[in-house]
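Welcome, and please take a moment to look over the model before reading on. The paragraphs below are meant to be followed with the structure in view.

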Amino acid sequence: MFTVTKCNKAETALSVLREHKNEFDIVITDVHMPDMDGFELLKHITSEMDLPVILISADGRKQVVMEGVTYGACDYLIKPVRIETLKNIWQHVVRKKARNTV
């Protein structure tokens, strides 16, 4: 069973992640947000925490997708995201946990 924590602003999400570092398994965020873009949030998360980050955006241009991967995103999903894709997100969590136990 998973618990989802929803934040309307990237700054809020970053604050919650910092306060509860060991309570999250994965971060799924939009690239385009009003207070901070997803790439900036990704940079903070990858430099401060060991969490897989999945970016979501309607922008599927190759250079934008590559920017996300370069900054450390484990996946980049193009909107609209299919429900089947979201159901398979747990695979990223399993991979991360497997790496950490080796």
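What follows is a walk from an annotated residue, through its surroundings, to a pocket.

This is a predicted model, in which local features need pLDDT of at least 70 and side-chain atom pairs count only at pLDDT 80 or more, while totals for chains, interfaces and linings use all residues. Residues are numbered from 1 along each chain as its sequence is written, and side-chain values use heavy atoms, with hydrogens and water left out.

Let us begin at Asp30. In an unreviewed entry, UniProt lists the feature "modified residue: 4-aspartylphosphate" at Asp30; UniProt positions are given here in the numbering of this model, feature names are shortened, and annotations may be inferred rather than shown by experiment. You will find Asp30 in strand E1. Helices (H or I, at least four residues) and strands (E, at least two) are DSSP runs, numbered from the N terminus. Is Asp30 buried, partly exposed or exposed? Asp30 counts as partly exposed because its relative accessibility is 21%; buried means under 20% relative accessible area, exposed over 50%, and partly exposed in between, with a 1.4 Å probe and protein chains only.

Which residues does Asp30 meet beyond its neighbours within four places in sequence? Asp30 is in contact with Gly38, Ile56, Ser57 and Lys79, where contact means heavy atoms within 4.5 Å. A polar atom of the Asp30 side chain also lies 2.9 Å from the backbone nitrogen of His32.

One of those partners, Ser57, takes us to strand E2. Ser57 is buried because its relative accessibility is 0%. Not counting residues up to four places away in sequence, Ser57 touches Asp30, Val31 and His32, and also Tyr76, Leu77, Ile78 and Lys79. The side chain of Ser57 has a polar atom 2.9 Å from the backbone nitrogen of Asp59.

That brings us to the loop between strand E2 (53-57) and helix H3 (62-70), where Asp59 sits. Asp59 has a relative accessible area of 15%, so Asp59 is buried. The side chains of Asp59 and Arg61 are joined by a polar contact of 2.6 Å. A polar contact is a pair of N or O atoms within 3.5 Å; within protein, one must be able to donate a hydrogen and the other to accept it, and residues adjacent in sequence count only if both atoms are side-chain atoms. Setting aside neighbours within four places in sequence, Asp59 is in contact with His32, Val64, Tyr76 and Ile78.

Gly60 and Arg61 belong to the loop between E2 and H3 as well. Gly60 is partly exposed because its relative accessible area is 43%, and Arg61 is partly exposed because its relative accessible area is 45%. Ile78 is a useful landmark here: Gly60 is 18 residues from Ile78 in sequence, with 5.9 Å between their C-alpha atoms. Gly60 touches Val65 and Ile78, not counting residues up to four places away in sequence.

Just along the chain, Lys79 and Pro80 are joined by a cis peptide bond, with omega about 0°. Most peptide bonds are trans. Pro80 lies in the loop between strand E3 (75-78) and H4.

Now return to strand E2 and look for Ile54. Ile54 is buried because its relative accessible area is 0%. Not counting residues up to four places away in sequence, Ile54 touches several residues, including Ile26, Val27, Ile28, Cys74, Leu77 and His92. Between Ile54 and Ile26, 28 residues apart in sequence, the C-alpha distance is 7.8 Å.

Ile26 also leads to the largest pocket, since Val4, Thr5, Ile26, Val27 and Ile28 lie nearest its centre among the 30 lining residues. On a 1 Å grid over the protein atoms alone, a pocket is an open set of points with protein on both sides within 12 Å along at least five of seven lines, and lining residues have an atom within 4 Å of a point. Helix H1 (10-19), strand E1 (27-30), helix H2 (38-48), helix H4 (83-87) and helix H5 (90-101) each give two or more residues to this lining. By type, the lining divides into 20 nonpolar, four polar and six charged residues; Ala, Val, Leu, Ile, Met, Phe, Trp, Tyr, Cys and Pro count as nonpolar, Asp, Glu, Lys and Arg as charged, and the others, Gly among them, as polar.

Conventions
1 Å grid on protein atoms, 1.4 Å probe; cavity = no way out; pocket = protein on both sides within 12 Å on 5 of 7 lines; lining within 4 Å.
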